[in-house]
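Please open the structure in your viewer and keep the selection tool at hand. The tour below goes from one selection to the next and says what is there at each stop.

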Amino acid sequence: MQGGGNIVIASGLLIGLAYGAVGLLSGFCLVSGLRGWWASGDSRLIRTYALALGVAITVVQLFAATGVVDIGKSIYLQPSFSAPLMFFGGLLFGYGMVLSNGCGARALVLLGSGNLRSFVVVIVLGIAAQMTLKGLIAPARIAALQLSQTTPTIISLPALLSVLGVGATFARTLASSLISGALIIFAFAHAPFQRAWGQIAAGIAVGLLVAAGWFATGHLGADEFNPVPVTSLTFIAPIADSVQYAMLSTGLTLNFGIATVAGVFAGSLVTALATGRFHWRGYTSPRHMLQSIGGAALMGAGGAMAYGCSVGQGLTGLSTLALASFVAVAGILLGSAAGLRGVLRVQPSASA
């Protein structure tokens, strides 16, 4: 492997290690944040998520404006996409996230702390994602994609503002400033959060880790002879690739995503052991296990359709201000809302 590829893999491992530690210490998780906000009025975790997104948008758009990273090469800003398929995938992922009591990234973090339920979630999610991307479900996904994909002339929020007569540079600055500013104001417009220094640090750290991923793959890994995909933190395809790599490493190559997955697990494990947070946990009933498996399968399939998860689209995708990412995240939020409230509400397990 060329030097640039080695740097990207090493960067992925380090970014994953940091994310695993921060995720374990802070409880960073979209569905936990939504549950706390809607169920008990405790909005600190969702404000941590908002702060992370605000920081990620600010730094990534600065990278794009100065030419440090060409985010246009990422999957989020491709000229063709299927809004219906991405929204539907987001719905499945969001509801599955509630069923499994956390997303794929959260499952990796909890696995490092000794949660064996998360081992089942990670394996099932990886298999379901691989089936949807390349296996039995792939033909149906591809057929739906071909029937519904479009090639819009506007694929990002800055591009939308440019159509209205705003210059490209100013459009990017305005769009990123408005959205990141609103998110950061929302985060700090809450007295308990202002005093939660650990959550503030976690939000800033995760946002910077998203930006670091873009820098690693889009700048450090920029090699015209051996290019690597320009991306950052995301966990659906990387978990699927990691499961496949663990079984069939011969003939496969390490990449940023696999290194990140390994890093998140290792970072959580080391942090859990160092802080006394490591405890073995398992299922309490067959129903609990079936619920978790079903949620993981929905996350794997849905995330593959939506091109990402609550981190891959919710943070990394939205940091590009891609319109497709807003569609996918809308589906994730609606699916989560269906699982947390209303007639389709998922009854939490006793040990969830």
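Two rings of Phe, Tyr or Trp (for Trp, the six-membered ring) are counted as a pair if their centres lie within 6.5 Å. What you have on screen is a predicted model, and by this rule its count comes to 8 aromatic pairs.

Begin by selecting Phe28 and Tyr49, an aromatic pair that is stacked, with 5.6 Å from centre to centre and 15 degrees between the planes. This pair links distant parts of the chain, since Phe28 lies in the loop between helix H1 (3–26) and helix H2 (30–40), while Tyr49 belongs to helix H3 (residues 44–66), 21 residues apart. Phe28 counts as buried because its relative accessibility is 5%, and Tyr49 counts as buried because its relative accessibility is 9%, the cut-off for buried being under 20%.

Move on to Phe188 and Phe193, whose ring centres are 5.5 Å apart and whose planes stand at 70 degrees, so that this pair is edge-to-face. Phe188 is partly exposed, with a relative accessible area of 30%, whereas Phe193 is buried, with a relative accessible area of 0%.

Now add Tyr19 and Phe235 to your earlier selection of Phe28 and Tyr49, and you will have the four residues that form one aromatic cluster. Tyr19 and Phe235 also appear, together with Leu315, as the residues with the most contacts inside the largest nonpolar core, which has 79 residues. Helix H3 gives the most to this core, with 13 residues. If you centre the view on Phe235, you can look for the residues that Phe235 touches, among them Tyr19, Ala105, Leu108, Leu125 and Val311. A second, separate core has 5 residues, including Met86, Ala306, Ala324 and Ala328.

For the next stop, select Arg47 and Phe186: the charged end of Arg47 sits over the ring of Phe186, 4.4 Å from the ring's centre.

Finish at Ser232, which lies in the loop between helix H11 (197–220) and helix H12 (236–247). Is Ser232 buried or exposed? Ser232 is buried, because its relative accessible area is 2%. Leaving aside residues up to four places away in sequence, Ser232 touches Leu209, Val210, Gly213, Trp214, Phe256 and Thr316. Of these, Val210 deserves a second look, as its backbone oxygen lies 2.6 Å from a polar atom of the side chain of Ser232.

Terms used: Residues numbered from 1 in each chain as written. Predicted model: local features only at pLDDT ≥ 70, side-chain atom pairs only at ≥ 80, totals over all residues. Heavy atoms only, no water. Helix = DSSP H or I, 4+ residues; strand = E, 2+ residues; numbered from the N terminus. Buried < 20%, exposed > 50% of the residue type's maximum accessible area, 1.4 Å probe, protein only. Polar contact = N/O pair within 3.5 Å; in protein donor to acceptor, adjacent residues only side chain to side chain. Contact = heavy atoms within 4.5 Å. Phe/Tyr/Trp six-rings, centres within 6.5 Å; stacked < 30°, edge-to-face > 60°. Lys NZ or Arg CZ within 6 Å of the ring centre and 35° of its normal. Core = buried A, V, L, I, M, F, W, Y, C linked by side-chain atoms within 4.5 Å.
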